[in-house]
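Here's a quick tour for anyone opening this structure for the first time. Have a look at it, then read on.

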Amino acid sequence: YEATLKEYEEQERELERQLAALAQEKSFENLRFTERFIWPVQGRLTSKFGWRWIRFPGYRRRVKQFHKGIDISAPTGTPIVAAASGYVLQAGWLDLLGNAVVIVHGWKEGKQYVTFYGHCDEILVNTGDFVQKGDQIATVGCTGRCLGPHLHFTLHINGNPVDPLPYLPK
């Protein structure tokens, strides 16, 4: 399990590096982020941002892992919407996140905002699409490394994962 955890963390870092580079390469410098985020799915918050204990399938021992987003449990097929308007940077298979959508929302006060929507059952947008806040982009599923249907939602500011809860309505 330690080798599996190490491999998981390496894959996660590589994915973040690739997407941060892609966001810079595509140069969304003229895209301004002026909105407030909305909840991307209706469901139950099951895992928060930060350290947590997890169990890898096939192993009995639990390990501590830093969770870089939040998990929202919902039935398979539940609509997932864009938390804010922006361009779809990536729509497709992203290893650990399974079927996933990544949206660049733009710049606000010198900071770039990007959201990740992971473990989707069906993706309804394509790379390069512009989506409005509230547009359906996917449905809840359990693809990639996951134990049950849920949305893994991550917010990156300037390429770094941050707790999305303070940015979402109460």
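## The largest pocket

This is a predicted model, and a good place to start is its largest pocket. A set of 25 residues lines the largest pocket, and Arg52, His67, Asp71, His119 and His150 are the ones that lie nearest its centre. The volume of this pocket comes to about 510 Å³.

Where does the lining come from? At least two lining residues each are supplied by α1 (2-25), β1 (44-47), β2 (50-55), β8 (111-123) and β11 (150-157). By class, the lining of the largest pocket is a mix of nine nonpolar, nine polar and seven charged residues.

## Strand β11 and its partners

Let's zoom in on β11, where eight of eight residues are buried. Both faces are covered: one side carries His150, His152, Thr154 and His156, while the other has Leu151, Phe153, Leu155 and Ile157.

Which strands pair with β11? Strand β4 (residues 70-73) does so in the antiparallel sense over four bridges, with Ile72 partnering Leu151. β8 also runs antiparallel to β11, joined by six bridges, and here Val114 sits opposite His156. Then there's β12 (residues 160-162), antiparallel to β11 with three bridges; Leu155 faces Val162 in that pair. The hairpin of β11 and β12 has two residues between the strands, and Asn158 takes a positive phi near 55° there.

## The second largest pocket

The second largest pocket holds about 200 Å³ of space. Its lining includes Phe33, Arg36, Tyr113 and Tyr167. Sorted by class, that lining has seven nonpolar and three charged residues, with no polar ones.

Terms used. Residues numbered from 1 in each chain as written. Predicted model: local features only at pLDDT ≥ 70, side-chain atom pairs only at ≥ 80, totals over all residues. Heavy atoms only, no water. 1 Å grid on protein atoms, 1.4 Å probe; cavity = no way out; pocket = protein on both sides within 12 Å on 5 of 7 lines; lining within 4 Å. Points joined across faces, edges and corners; volume = space filled by probe spheres on them. Nonpolar A, V, L, I, M, F, W, Y, C, P; charged D, E, K, R; others polar. Buried < 20%, exposed > 50% of the residue type's maximum accessible area, 1.4 Å probe, protein only. Pairing = 2+ DSSP bridges.
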